[in-house]
Amino acid sequence: MKKQEKEVLKQSINDSLQENDIIAVIKISCRKFDFNYKIFFTITVVMMGIYISSSYQCYLAREIVEKIITFSSNTVLALLAIVVTGYSIFQALLSRKILLLFMSQTDKKINESVFNSMQHKFFFLSFLYIILLLLSYFITLIVILFPNDVIPYQIIIILLSIYNTVIFYGIFEMNYFIFNLYQTFKIFSIEEIIAENDHL
């Protein structure tokens, strides 16, 4: 192992040991997450445009808001299930060699080991989806408990646009999640082929 790789490995282990409570992990995951502001802004504009140009622009009935929240919650639940399953597969495939490789290589975008970068991305996405589920629950309670005319429809449109933008961005981020799994499968497959070739 090269000197630089040993330094990255040492730093990766130190960073992992410092994450000893959930608040620390949340802070680090949020700080290290590679957020794409351009994509987020574009999605926000599109969502606002959809809501403003829809037939419900003057008034959003309670039933419509409930349908939007229910649909969004189901989508988020499905995404959370995919992330948890993918993370389980990722952990199951980690052999000693792959772990050393991931912990000794640097993710140059965020300047930490590939292993820690992938861990933080998995955690951030899971955390994001759980927050969205809590928001869905909270919004549904407000819609059920308060009369329709308490909150102006303009505010409802803005809030729903932002809410759906975050969900859409969460779906978009699945590209990177799937790419990380693809990389893991590829490295695992190469390692298996090399190991099998050594036995021949």
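**Close-up views of a predicted eight-helix, two-strand chain**

**View 1. His120 sits in helix 6, which spans residues 114-145.** Helices here are DSSP runs of H or I with at least four residues, strands are E runs of at least two, and both are numbered from the N terminus. This is a predicted model, with residues numbered from 1 along each chain as its sequence is written. Local features need pLDDT of at least 70, side-chain atom pairs count only at pLDDT 80 or more, totals for chains, interfaces and linings use all residues, and side-chain values use heavy atoms, with hydrogens and water left out. His120 counts as buried because its relative accessible area is 5% (buried means under 20%, exposed over 50%, partly exposed in between, with a 1.4 Å probe and protein chains only). His120 and Ile28 lie 92 residues apart in sequence, yet their C-alpha atoms are 7.6 Å apart in space.

**View 2. The largest nonpolar core holds 27 residues.** A nonpolar core is a set of buried Ala, Val, Leu, Ile, Met, Phe, Trp, Tyr and Cys residues joined through side-chain atoms within 4.5 Å. Tyr129, Leu132, Leu160 and Phe177 touch the most other members. Two or more residues each come from helix 4 (62-93), helix 6, helix 7 (153-172) and helix 8 (174-199). Helix 4 is the top contributor, with nine residues. And the second core? That one is separate, has five residues, and includes Phe33, Ile43, Met47 and Phe124.

**View 3. Leu132 and Val166 touch each other.** Contact means heavy atoms within 4.5 Å. Leaving out residues up to four places away in sequence, Leu132 touches Val76, Tyr163, Val166 and Ile167. Val166 belongs to helix 7. With the same sequence neighbours left out, Val166 touches Phe40, Leu128 and Leu132. Val166 is also 8.7 Å from Ile43, C-alpha to C-alpha, with their positions 123 residues apart in sequence.

**View 4. Ser136 and Tyr137 are both in helix 6.** Ser136 is buried, because its relative accessible area is 2%. Not counting residues up to four places away in sequence, Ser136 touches Ile69, Ser73 and Tyr163. Tyr137 has 56% relative accessibility, so it counts as exposed. Tyr137 joins Leu141, Ile144, Leu145 and Phe146 in a nonpolar surface patch of about 540 Å². Patches are made of residues with over 30% relative accessible area and no salt bridge, joining like charges within 9 Å and nonpolar side chains (Val, Leu, Ile, Met, Phe, Trp, Tyr) within 5 Å. A salt bridge is a side-chain nitrogen of Lys or Arg within 4 Å of a carboxyl oxygen of Asp or Glu.

**View 5. Stepping back, the chain runs α-α-α-α-α-β-β-α-α-α from the N terminus on.** Of its 200 residues, 36% are buried. Among contacts with a separation of 6 or more, 84% are between residues 24 or more positions apart. The accessible surface is about 12,700 Å², and 68% of that belongs to carbon and sulfur atoms (Shrake-Rupley method, 1.4 Å probe; for residues, only the protein chains shown count as cover). Mean pLDDT, the predictor's confidence in each residue from 0 to 100, is 75 for the chain, and 71% of residues reach 70 or more. Confidence is lowest in helix 1 (residues 3-18), at a mean of 59, and highest in helix 3 (residues 37-53), at 84. Where pLDDT is low, the predicted coordinates should not be read in detail.
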